[in-house]
Amino acid sequence: MTKLSNPSSTIRGIQALSVAAVLLSSVAGLSTVAVAQEQKPLVIARNLVVNSLDPARTSCDTCNMYMYAVYETLVRLGDDNKTITPALAEKWEANDNNTEFTFHLNPKAVFSDGTPVEAKDVKWSWERLANLQGGMAWLFDDVKSIETPDAHTVVVRLSAPDSEFLGKVIAPYAGVVNSVLASAQGAKATKQDAPTDAAEPWFLKNSAGSGPYALEAYSPNDELRLKRNAKYWSKPAEINSIVIRQTKDSVAQAQALESGAVDIAMQIAPDTAQVIKAPSVTVQTVPSYNFIYMALSPGAKANKVPLSLKVRQAIGYAIDYKSLIDFTIGGAGKLVPVAIPNGFPGTEGLPAPEFNIAKAKSLLAEEGLTGGFDLESMFPNENYYGVDMSTLMQFLQQNLAKVNIRLQLKPVTFPVWLDNVKGDHTPLTASFYAPDYFGTDQYVKTFGMIPGTRWLARSGGDKVEGILNKKEKELLDKAVAAPTDVRDQLYKEIASEMIKDRIIIPLVGPDTILAYNKKVVGMSYSVTAVLPLQNLSFAK
């Protein structure tokens, strides 16, 4: 409730009334204003692109915001985006090799219907996520068993060490669901019952979480509306209602923000941000954990010459990274040394990518390629985090031409691109990546030259000599079983090996632009939540 700022000024303004009457009318009037302010929704403009609101099936940026606000996780990531803090679990322990984790639930925690959050709900929620095999089920691939010795204790045993299991527990997809309520609506948690789970339509109209907000209404391609959970067991949200309104493009979002139609615009492109002039709007640029990368495929069918290590190194040296950031997003981005986001474990102190035309030419000469060669490049003709991929690829084409590498650009739709990189591959391409949780192992298991990784296969490295990197696998096995301080040093060694591979070459980490009305307090960027809605309030 808003505090009375100066009731005496009202007394002086209504001298005909008695002092008592003035005080009563002032308090009543200001209380009405305060209630009106509380009831005014905060409106956010963004492209919704919601695939599901079912916690076991959801996977999208808007979904992350929704899940983080509605379904509490056992632990959370602090405002510094690296410290693990209590949530439903007030404390936790891990054994020496990170194969067993014990969580102790806060007995004060309740769901939005007032029923207690218990260990059985955690077990049910995580088993349902794993057994329904939705997009994020892999987070719990290594979970061997979940035991609940009492109502407030959860013991998780893993089939292999995982020093970053807590990062997976932080992910919004690991939010805890009211198992009794959801089961009554057709939700199933066991593997044998999963094929008959019929709860997804119910989750589009209802929620069953313990977070500071609950679902009020959802209209596909229109809006997602949240309401404050009146029974939230911890610090209550300050805003009564939040509306995420479908607004597809950057310009439309900016116009709505400047007009006052919305309070926050979430996907403002760098060039659009530069023309926002309304005095009521604040525009901030903060580093993100997303990046755009170039990928080379030594095993691609279309290769005209072998993409040896020296050729791959030459390609890396031929790129003017700083100019690329200026050219594609007006300087609103950061250099990224390795295919792991800046700020994640193991990235501190890594060397920045180097632009050196002389080195590039020398390496190509050593391979007998002074005259250059043609190089095919199929890529997704999309826009990721404000980076237009066609513009970026044209920049790469111009850079590589300076060392006589003639890049043949083939823009295609994302599905066509994906089929190609999974099939015959393409000699050079570019794409994007964003974290699914706070943890480095997901990047090593995606971009490392280790058996079974996505980009070992997409590069054709599983069929070409010299691409597999056994050292990365050895270091990873040690890292996942190590305590945090040792783990981070091992990840740094892995990162150095990934840089040497010259298969994945990061190009830019686009900054995130926070654009919002100045009356909004608490704007921030989060690895897991994108935007933590429960931190928002209106200025008093």
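These are my notebook entries on a disulfide, a buried aspartate and the cavities of this structure.

**Entry 1: the model.** I note at the start that I am working with a predicted model, and that I number residues from 1 along each chain as its sequence is written.

**Entry 2: disulfide.** I searched the whole structure for disulfides and found one. It joins Cys60 to Cys63, with an S to S distance of 1.8 Å. I then looked up the handedness of the link between Cys60 and Cys63, which is right-handed, with 95° about the S-S bond. Are the two cysteines buried or exposed? I record Cys60 as buried because its relative accessibility of 14% falls under the 20% cut-off. Cys63 is buried as well, with a relative accessible area of 0%.

**Entry 3: Asp263.** Where does Asp263 sit in the chain? I found Asp263 in the loop between helix H8, which covers 250–259, and strand S11, which covers 264–265. Although a loop residue, Asp263 has a relative accessibility of 2% and therefore counts as buried. I next asked which side chain makes a polar contact with the side chain of Asp263, and the entry I wrote down is the side chain of Lys519, at 3.5 Å. Leaving aside residues up to four places away in sequence, I listed what Asp263 touches: Lys40, Pro41, Leu42 and Val43, then Leu257, then Tyr516, Asn517, Lys519 and Val520, and finally Phe538. Lys519 thus appears in my notes both as a residue that Asp263 touches and as its partner in a polar contact between side chains.

**Entry 4: cavities.** How many cavities of 30 Å³ or more does the structure hold? I count two.

The largest cavity contains about 60 Å³ of space. I find it lined by Pro55 and Ala56, by Trp124, Ser125, Trp126, Arg128 and Leu129, and by Tyr173, Ala174, Gly175 and Val177. Sorting the residues of this lining by character, I get eight nonpolar, two polar and one charged.

For the second largest cavity I have a volume of about 40 Å³, and its lining is made up of Val338, Ala339, Phe447, Met498, Asp501, Ile503 and Ile504. What is the division of the residues in this lining into nonpolar, polar and charged? I noted six nonpolar, no polar and one charged; the charged residue is Asp501.

Technical notes: Predicted model: local features only at pLDDT ≥ 70, side-chain atom pairs only at ≥ 80, totals over all residues. Heavy atoms only, no water. Disulfide = S-S within 2.5 Å. Buried < 20%, exposed > 50% of the residue type's maximum accessible area, 1.4 Å probe, protein only. Helix = DSSP H or I, 4+ residues; strand = E, 2+ residues; numbered from the N terminus. Polar contact = N/O pair within 3.5 Å; in protein donor to acceptor, adjacent residues only side chain to side chain. Contact = heavy atoms within 4.5 Å. 1 Å grid on protein atoms, 1.4 Å probe; cavity = no way out; pocket = protein on both sides within 12 Å on 5 of 7 lines; lining within 4 Å. Points joined across faces, edges and corners; volume = space filled by probe spheres on them.
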